[in-house]
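These are my notebook entries on a structure with the sequence at hand. I set down each look-up in the order in which I made it.

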2 protein chains.
Amino acid sequence: MLSKSQIKLITSLKQKKYRLQHGFFVVEGLKTIAELLDSELELYQLFTTESFGDKSEKEVIITAAELKKISFLTTPNKALALFRIPEPKIIQAEGLVVALDDVRDPGNLGTIIRLCDWFGVKDLVCSKNTVDCFNPKVIQATMGSITRVNVSYLELENFLQKQTIPVFGAFMEGENVYRSALPKQGVLVMGNEANGISEIIENVITQKVSIPRFGDLQATESLNVATATAILLSEFKRS
Amino acid sequence: MLSKSQIKLITSLKQKKYRLQHGFFVVEGLKTIAELLDSELELYQLFTTESFGDKSEKEVIITAAELKKISFLTTPNKALALFRIPEPKIIQAEGLVVALDDVRDPGNLGTIIRLCDWFGVKDLVCSKNTVDCFNPKVIQATMGSITRVNVSYLELENFLQKQTIPVFGAFMEGENVYRSALPKQGVLVMGNEANGISEIIENVITQKVSIPRFGDLQATESLNVATATAILLSEFKRS
């Protein structure tokens, strides 16, 4: 049974300001919830149509109709959980670090977090205007990778200026990435969906790289930021 | 001014059966419409809040409120056009061909069409259960690439059986793609989001390839089909 105040709390968590105020984020779907339960993250409450068994003190059994009321999905998936937003971790900056300059689309951020997980990138640093990684659409797209990638929000220019390792940036007119020497340690900066990397950040980049276009002259003018990240991470890691 | 029958026609085109029945598909946004006007595709009608000037006989000037009624987007973008669905073109099968085995997500198909355009892949062949490329969400995600990539729907098993060029398939357990010899000519098969490549299609694949995972053992269990396509196309083309 769901109370009105629970419904109000959960639906408010769609917005970043209420996530910050309450300190919780929403996760949906049995598989992703199970992965998060298995991580360091702290469960606050679990609303589910079928008991998980061992979470009884935090578990609220609800009906499918109640789940529909609180779910952010078009097709709700049996359970919805509130987890506590963890304290930011220290950035290790070991190996390759990915940095995002104002990536705005939740699906893109979610896909990039999943790519970082796949390619063993431990730290993802984001400019303050990058979409919040606890946005429900981001969480949905990460498929549990959020538990294994350390996402930090910071003053990106300042962070990059302090780095002693090379700072790579993805540009339309950079050096052909297939012919670039790519080190094991470095930062790879990816830009905003519409505007690419901002001028301020461009100034602190030490090497511009670019994915060559093989189509004819009329071909698509840019790659989506998530697919470009996929190709560049693959290039850094393949060697 | 919009008539009731125009509204009914346009909103029906969200569904494949009405697209097939009427022979039209919907394109939204000034930039994508301009790109399609510049292609071989035939404009049927243009509904716009500002005149395009040279399309007067096919143009209907509408208000922003009217656009909101017919648009499939949350934030409608000044114009919506109906184009005629073109006749299928002959598959050239030159260079690299991409084949999709039941890819269901419109965003994934749109991204893959855009990737084909970027990497100079002329032919994309799809199993009959792959999402329709004239689905409005696919068209939106392609950003105009639909005019430069020839998308065909066919009996995939039969098509692949007839090929004399090598048929590659993306699997979780294939040969490390970074160590595979990749020819200039071949077919690359990508599978369904949840189930991968089906058994029937697996039987006609001559070489299984796989993108190595660099994260730790707990890392994400698979890559999204669009990001995996990005990495594999990059591998085929980089050499």
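**Entry 1: contact between the chains**

I began with the charged pairs across the chains and found that A:Arg238 and B:Glu235 form a salt bridge, with N and O 2.8 Å apart. I note at once that the model is a predicted one. Between chain B and chain A, I counted two salt bridges. I then looked up the polar contacts between chain B and chain A, and the count was 10 residue pairs, both residues of each pair being at pLDDT 80 or more.

Next I asked which elements give two or more residues to the side of chain B that touches chain A. I found α5 (106-118) and α9 of chain B in that role. α9(B) supplies the largest share of this side, namely eight residues. By residue class, I recorded 13 nonpolar, 10 polar and 10 charged residues on the side of chain B that touches chain A.

For the extent of the contact, I noted 33 residues of chain B against 33 residues of chain A. The two chains bury about 3,100 Å² between them, and carbon and sulfur atoms account for 58% of that area.

**Entry 2: relation of the two copies**

I looked up the operation that places chain B on chain A. A rotation of 180° with a shift of 0.0 Å along its axis superposes them, at an RMSD of 0.0 Å. I therefore entered the relation as that of a two-fold axis. The same surface serves both copies, since 100% of the contact residues of chain B recur in chain A.

**Entry 3: Asn224 in each chain**

I turned to B:Asn224 and located this residue in the loop between β10 (207-210) and α9 (225-238) of chain B. Which residues does B:Asn224 contact, leaving aside its neighbours within four places in sequence? I found A:Arg114 and B:Asn108. The side chains of B:Asn224 and B:Asn108 are joined by a polar contact of 3.2 Å. I also noted that the side chain of B:Asn224 reaches the backbone nitrogen of B:Ala226 at 2.6 Å.

I repeated the look-up for chain A. A:Asn224 lies in the loop between β10 (207-210) and α9 (225-238) of chain A. With neighbours within four places in sequence set aside, A:Asn224 is in contact with A:Asn108 and B:Arg114. The side chain of A:Asn224 makes a polar contact of 3.3 Å with the side chain of A:Asn108. A polar atom of the A:Asn224 side chain lies 2.6 Å from the backbone nitrogen of A:Ala226. As a distance across the chain, I recorded 35 Å between the C-alpha atoms of A:Asn224 and A:Leu46, which are 178 residues apart in sequence.

**Entry 4: the two domains of chain A**

I looked up the domain assignment of chain A and found domain 1 (4-84) and domain 2 (96-238). The contact takes 15 residues from domain 1 of chain A and 12 residues from domain 2 of chain A. I noted 30 Å between the C-alpha centres of the two domains of chain A.

Domain 1 and domain 2 of chain A bury about 1,000 Å² between them, with 61% of this area on carbon and sulfur atoms. Which residues of domain 1 of chain A lose the most area to domain 2 of chain A? I found A:Arg19, A:Phe25 and A:Glu35, which together make up 39% of what that side buries.

For the pairs across this contact, I counted two salt bridges between domain 1 and domain 2 of chain A. A:Glu35 forms a salt bridge with A:Arg148, with the closest N and O atoms 3.1 Å apart. On the domain 1 side of the contact in chain A, α2 (16-22), β1 (24-28) and α3 (30-37) each supply at least two residues. β1(A) gives the most to that side, with four residues. I classed the residues of that side as eight nonpolar, two polar and five charged.

**Entry 5: A:Arg148 again**

I followed A:Arg148 to a further partner. A:Asp117 forms a salt bridge with A:Arg148, with the closest N and O atoms at 2.8 Å. The pair links distant parts of the chain, 31 residues apart: A:Asp117 is in helix α5 (residues 106-118) of chain A, and A:Arg148 is in the loop between α6 (136-142) and β7 (150-154) of chain A. Over all chains, I closed the count at 16 salt bridges.

Notes. Residues are numbered from 1 along each chain as its sequence is written. Chains are lettered from A and ligands numbered from 1 in the order in which they are written. This is a predicted model: local features need pLDDT of at least 70, side-chain atom pairs count only at pLDDT 80 or more; totals for chains, interfaces and linings use all residues. Side-chain values use heavy atoms; hydrogens and water are left out. Domain bounds come from an automatic or database domain assignment. Contact means heavy atoms within 4.5 Å. Buried area is the accessible area (1.4 Å probe) that two parts lose on being put together, summed over both. A salt bridge is a side-chain nitrogen of Lys or Arg within 4 Å of a carboxyl oxygen of Asp or Glu. Ala, Val, Leu, Ile, Met, Phe, Trp, Tyr, Cys and Pro count as nonpolar, Asp, Glu, Lys and Arg as charged, and the others, Gly among them, as polar. A polar contact is a pair of N or O atoms within 3.5 Å; within protein, one must be able to donate a hydrogen and the other to accept it, and residues adjacent in sequence count only if both atoms are side-chain atoms. Copies are superposed by least squares on the C-alpha atoms of residues with pLDDT of at least 70 in both.
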